[in-house]
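Reader: Before we discuss the fold and its aromatic side chains, could you put the structure in front of us?

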Amino acid sequence: MTQFEQVTPFLHVPDLQKALDFFTDILGFTVPFRQDGYAYIHRETVGFRLLEAEGGEAAAGRRRFAYYIDVRDVDALYEALKPKLDTLPSGDVHGPADKPYGQRELLVLAPDGELIVFGMEIRPAEVAKA
């Protein structure tokens with residue numbers, strides 16, 4: 001019997017409220033649990049545990065790939081999020097775009113500088129049989 005359901009990585013963030021605002025207001029996550037310095041956020045089958053970094057542990061502006069979320073339809077997700085994504089600073093959103101490694105991806109820069117990538121496999125169109 002399968003026991004594992006999902007991975008819920010910890011994101012160490014410099015400002016918990018700013019991160020919560022981003023994930024809820026921009027990306028549509030909910031906050032089922034929150035306490036001082038910690039929150040669990042969730043959307044569909046994806047969860048993150050946000051932990052407020054102490055003493056500036058999280059360096060802003062790293063712009064590194066940190067979290068990849070596989071989705072069924074990246075374009076539909078983009079359309080649903082677009083009104084909120086349009087409120088982010090220029091350059092904080094890239095895509096959706098086809099990548100040479102066979103994925104179609106939407107990249108969103110979180111307030112702490114980490115890139116959150118939503119992606120799906122590009123499936124070649126079926127060749128019509130004659």
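Reader: In this predicted model, which residue in the turn of the hairpin formed by β2 and β3 has a positive phi?
Author: The strands β2 and β3 form a hairpin with 2 residues between them, and they run antiparallel, joined by 4 bridges. Across this pairing Q35 stands opposite Y38, while R34 stands opposite A39. The residue in the turn with a positive phi, of about 80°, is G37.

Reader: Which strands stand at the edges of the open sheet, each with a single partner strand?
Author: The sheet is built from 4 strands in the order β1-β4-β3-β2, with mixed pairing. A strand with a single partner has one side left without a neighbour in the sheet, so it stands at an edge, and this applies to β1 (10-13) and β2 (30-35). From one strand to the next the twist averages 20°. The edge strands are therefore β1 and β2.

Reader: Why is the pair of F23 and F29 edge-to-face?
Author: By the ring-centre rule the model has 7 aromatic pairs. In the pair of F23 and F29 the ring centres are 5.5 Å apart, which lies within the 6.5 Å cut-off for pairing, and planes over 60 degrees apart count as edge-to-face. Both F23 and F29 are buried. The pair is edge-to-face because the angle between its ring planes is 90°.

Reader: How many residues apart are F48 and Y67, the pair that links distant parts of the chain?
Author: F48 and Y67 form an edge-to-face aromatic pair, with 5.4 Å from centre to centre and 80° between the planes. F48 lies in strand β4 (residues 46-52), whereas Y67 lies in strand β5 (residues 64-70). The two are apart in the chain by 19 residues.

Reader: Is F48 buried or exposed, and what is its relative accessible area?
Author: Buried means under 20% relative accessible area, a condition that Y67 meets with 16%. F48 belongs with F22, F23, F29 and Y67 to one aromatic cluster. F48 is likewise buried, and its relative accessible area is 2%.

Reader: Over which residues is the pLDDT below 50?
Author: The chain has a mean pLDDT of 84, and 81% of its residues reach 70 or more. One stretch falls below 50, and beyond near neighbours in sequence it has 0 contacts in the model. Where pLDDT is low, predicted coordinates should not be read in detail. The stretch with pLDDT below 50 covers residues 126-130.

Methods:
Residues are numbered from 1 along each chain as its sequence is written. Side-chain values use heavy atoms; hydrogens and water are left out. Rings of Phe, Tyr and Trp (its six-membered ring) pair if their centres lie within 6.5 Å; planes under 30 degrees apart count as stacked, over 60 as edge-to-face and the rest as tilted. Buried means under 20% relative accessible area, exposed over 50%, partly exposed in between (1.4 Å probe, protein chains only). Two strands pair if DSSP finds at least two bridges between them. Axes are lines fitted to C-alpha atoms, for helices over the stretch in contact, and angles run from 0 to 180 degrees between N-to-C directions. pLDDT is the predictor's confidence in each residue, from 0 to 100. Contact means heavy atoms within 4.5 Å.
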